[in-house]
Amino acid sequence: MPVALFDLDNTLLDRAAAFARWARSFCVARGLPDEAHAWLVAADDDGFRPREEVFAGVRSRYDMDDPVDDLIQAYFRDYSTCFEFPADSRNALRRLRSAGWKVAVVTNGLKFQEQKLSFTRLDAEVDAVCVSALVDSWKPDSRIFEEAARRCGVGLEGWMVGDSGPADIRGGQGVGLRTIWIHRDRTWDLGDPEPDAQVSDVPAAVRIILGEDTSEVRT
């Protein structure tokens, strides 16, 4: 039985939109100036900047008294509630599983990733979840992909879908999976080997996996 592995942030869930929602509510609750929302989104660096740096920066810039640790704790408490799992992506995963595929989430991050899965009820739509901090392996390391397949009870044969070229695409290629890049309006710039397909969203990726659309598949 084949397996389809999916990244979480900015693949199954729109992390950029969720952070923008959180930042908006944070700014309103704190009475921050209009420019603060754009500053926070830029400071976030698409989630790659350490939270300690982000909140030390916002504390200093907007003269807050709250300790950085308190700001971070409040962020983790509220941020997961800003995520939405689109109905079309939910239905796409259900179609994939109905067709006999095992489906797993493979995500880099801390245990907090599980809160997003629980809040959106995405955890009920997959057969397994591997969070890097909990399995001691971070994409593109092969072990996290192997563990996801093991938890699904199948061999590592199928597809990897994600938005990160270095982590998702190179990681998937490294373990022999076919790959689909969620391009997010970007141009592939890592050279060869390119992903097998480049699409805008999860439903399009699932159509390729199911063989319903071959127009975007590299031959």
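1. Lys and Arg count as positive here and Asp and Glu as negative, while His and the chain ends are left uncounted. On that basis the protein chain carries 27 positive and 38 negative side chains, and the centres of the two sets sit 4 Å apart; each charge is placed at NZ of Lys, CZ of Arg, CG of Asp or CD of Glu.

2. A heads-up: this is a predicted model, where local features need pLDDT of at least 70 and side-chain atom pairs count only at pLDDT 80 or more, though totals for chains, interfaces and linings use all residues. Residues are numbered from 1 along each chain as its sequence is written, and side-chain values use heavy atoms, without hydrogens and water.

3. You'll find 10 helices and six strands in the protein chain; these are DSSP runs numbered from the N terminus (helices: H or I, at least four residues; strands: E, at least two).

4. Now the salt bridges (a side-chain nitrogen of Lys or Arg within 4 Å of a carboxyl oxygen of Asp or Glu). The structure holds 21 of them. One pairs Arg21 with Glu84 at 3.4 Å, N to O. Arg21 belongs to helix 1 and Glu84 to the loop between helix 4 and helix 5, so the pair ties together parts 63 residues apart in sequence.

5. Is the next pair, Arg90 and Glu125, buried or exposed? Both residues are buried, meaning under 20% relative accessible area (exposed is over 50%, partly exposed in between; 1.4 Å probe, protein chains only). Their closest N and O atoms are 3.2 Å apart.
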